[in-house]
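Q: Could you take me through one part of this protein up close, slowly enough for a first-year student? I'd like to see who touches whom.

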Amino acid sequence: MKMFSVSHKTVFVVDHCPYMAESSRQQVECDVLTKSRGQGVIPLAPVSKSLWTCAVECSMEYCRILYDVYPLHKLINYIVSDSEFHILNSWRQEDQSTHELMSALAAVGPPNPREDPECCSILHGLVAAVESLCKITELQHERRTTLMDTAERVANRGRIICLTNAKSDTHVRMLEDCIQETILEQNKLAAGSDRLMAIQQCDLVLIHIHPQGDDALVSDRPKKEISPLLTSEVHSVRAGRHLATKLNILVQQHFDLASTTITNIPMKEEQHANTSANYDVELLHHRDAHLEFFKSGDLHMAGTSTRENGLKETITLKWCTPRTNSIELHYCTGAYRISPTDVNSRPSSCLTNFLLNGRSVLLEQPRKSGSKVISHMLSSHGGEIFLHVLNSNRSTLEDPPSISEGCGGRVTDYRITDFGEFMRENRLMPVSESSHDPSGKLPVERAKGQLERHTRYWPMIISQTTIFNMQAVVPLANLIVKETLSEEDVLTCQKTVYNLVDMERKNDPLPISTVGSRGKGPKRDEQYRIMWNELETLVKTHAGATDRHQRVLDCIIACRSKPPEEEERKKRGRKREEREDKTEKNGSKDTDDKSWQESERLKGLLDKEEQESEVIKDSPDSPEPLNKKPRLCTEEVQPPERAKGPVSLLTMWSNRITVANSRKHQEFVGRVSSVNNKFELYQQLKDENGMDVHENGKASR
């Protein structure tokens, strides 16, 4: 169980032997009033911390960060080792606080340099650490009593962090062997006790601390498996700020923490109250607060930076102005406790007090261009500060887009009606205990099986399917998804296939979608080929269920293999369709060409007549031309465009439209039956009243 992973128990073993009283040689300046010091005042000499002080400070900083981020269920047991071991606290929740540990450390005091080094050893504390890991915590006891039948599921894992000054790599291997032997001994004792639990996994983190300027006698070593129960890693670190940085990195690795640096925090200067400067504050929190960055790959946009020679990474977020009050609601996807890295610095203190007073701060991703993206918010709840993750994408609280609008405006022809029918066919309902399935399957298994069969082939878009748009295929599509078929079902499917063959023989049109394609779409043969391929794909997905399903597939394959005379007939029909298409395509073009040629011919004739008339008029012997009488017959009257030479573009286009439209509709009965473009109305009155209708419309008896 993840709740009882290695991070559930952590044991600190700090060396309290005389050599830990040695100076770390990292000086701390005490004389900070250099400029204001008067003459004759002797400056204060710098001081340096001991190895013990550095180890205690850094380990307590580790504990502080852990308690800030995980106030519950992450436990620490602190042990000091010299001539014997001193356990400063227990696994109880009330003992888990930095105040309790600091009080206990004050009672222990610093190492005694005059104590006999031969009597002191870190082994006393390591043995006590293994014994402490075997003890049951309150949470483990609760889980064991709750899961009485499966108490073995409650795991017992832990981590030992040892801060010491080792002598050599051989000394380190000796310590590892000692811990391995102790684990085996304690597991034997735990097997016969109800108050102890055997250790299933132990991680040993050994940190060798040496003063500034000394050579490291112990080399670093990555995590190594000593046995199935023990893994070990070694870190050789200089005392002082290097040790603090190392433990800061380790606490992030051990408890899945991440770093966020808040930049551009405006703060007023103490010396100049009217001016302000921008500061940065680094916060630690759970890694999931950066989960959206990892998913979207925007870590570079969020300002990832590396510090301390590449040992630590932090994501930079910018202070966003204006600030907001906590009464404003924001759509948050997560909230995580935070802990300042440098809790005693003035910027961290000011930011913490600002948030604890009920204010909230929005944080944005630093961008060089574009609109700002507010991704996080700092706010306090019940005296604890949380980093809230704000949703920068579309909120689920908003009205969702209509499905008819399409996803992203691209797909709009979803099979919405068919999907509604699909949901109705696959609804779940309570089933009585008396109902028994002959196959012995549970109802939930039968429901999953039916849903799997119905979705083996189910296109979501209308334009991607042909058979699901045809009413003729509905009986087969509804029956083929059944787990078993009866003989009647097989006959129904075969009849459906034969009906499709008959449709193909009659050359009936199919509901082929032409979305996204130019022209009239695929040919009729191509449409049926697409339909048969899709139908065969549907049946093939279910053909392996039973022999009757296979019979339906065999019927489809047999009907698709046409005899030679059928193929020849299809070829002739295809050629005829191609000729009709060519005729229809070239019809309007030929009409325009003929109109243009006729206009050119008439123009040439008119020019010739004009030349001849000029010759006749100029000749004195020629008689005058005869006066031509107008032709009254409508059939002999030339169209105006032919009497005036070349036709206009409008006339040509009108002729083309008229010819095309005349092929699409039936001619008016009156125009077809007219005599001299006249049609007699009310002809039925002639038979009813015995009247003779004349051409002038007057009746006579």
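A: Before we start, one term: contact, or touching, means that heavy atoms come within 4.5 Å. Also keep in mind that this is a predicted model.

Let's warm up with Thr 484. You'll find Thr 484 in the loop between helix H11 (474-480) and helix H12 (487-506). Setting aside residues up to four places away in sequence, Thr 484 touches Thr 546 and His 549. Thr 546 sits 62 residues from Thr 484 along the chain, yet their C-alpha atoms are separated by 6.8 Å. Is Thr 484 buried or exposed? Its relative accessible area is 52%, and exposed means over 50%, so Thr 484 counts as exposed.

Now for the opposite case, Thr 10. This residue belongs to strand E1 (residues 9-15). Its relative accessibility is 0%, so Thr 10 counts as buried. And who surrounds Thr 10? Skipping neighbours within four places in sequence, Thr 10 is in contact with Leu 75, Ile 76, Asn 77, Trp 91, Arg 159, Ile 161 and Phe 255.

Strand E1 also takes us to the largest nonpolar core. That core has 38 residues, and the ones touching the most other members are Phe 12, Tyr 62, Tyr 78, Leu 105, Ile 207 and Ile 209. Elements giving two or more residues to this core include E1, strand E4 (75-81), helix H2 (98-108), H1 and H6. H1 provides the largest share, 13 residues. Take Leu 105 as a sample: not counting residues up to four places away in sequence, Leu 105 touches Trp 52, Val 56, Met 60, Tyr 78, Val 80 and Leu 88. There's another core too, lying apart from this one, with 27 residues, among them Cys 493, Leu 510, Met 531 and Leu 535.

Back to H1 and its partner H6. Helix H1 (residues 51-69) packs against helix H6 (residues 241-254) at an angle of about 30°, and their axes are 9 Å apart. Because of that angle, H1 runs roughly parallel to H6. The crossing of H1 and H6 is right-handed. On the H1 side, the residues that meet H6 are Cys 54, Ala 55, Cys 58, Ser 59, Tyr 62 and Ile 65. On the H6 side, you'll see Leu 243, Ala 244, Leu 247, Asn 248, Leu 250, Val 251 and His 254. What's the mix here? The residues of the contact of H1 with H6 are 10 nonpolar, three polar and no charged.

How values were computed:
Residues are numbered from 1 along each chain as its sequence is written. This is a predicted model: local features need pLDDT of at least 70, side-chain atom pairs count only at pLDDT 80 or more; totals for chains, interfaces and linings use all residues. Side-chain values use heavy atoms; hydrogens and water are left out. Axes are lines fitted to C-alpha atoms, for helices over the stretch in contact, and angles run from 0 to 180 degrees between N-to-C directions. Helices (H or I, at least four residues) and strands (E, at least two) are DSSP runs, numbered from the N terminus. Angles under 35 degrees count as roughly parallel, over 145 as roughly antiparallel, 65 to 115 as roughly perpendicular and the rest as oblique. A crossing is left-handed if the near helix is turned anticlockwise from the far one by less than a right angle, and right-handed if clockwise. Ala, Val, Leu, Ile, Met, Phe, Trp, Tyr, Cys and Pro count as nonpolar, Asp, Glu, Lys and Arg as charged, and the others, Gly among them, as polar. Buried means under 20% relative accessible area, exposed over 50%, partly exposed in between (1.4 Å probe, protein chains only). A nonpolar core is a set of buried Ala, Val, Leu, Ile, Met, Phe, Trp, Tyr and Cys residues joined through side-chain atoms within 4.5 Å.
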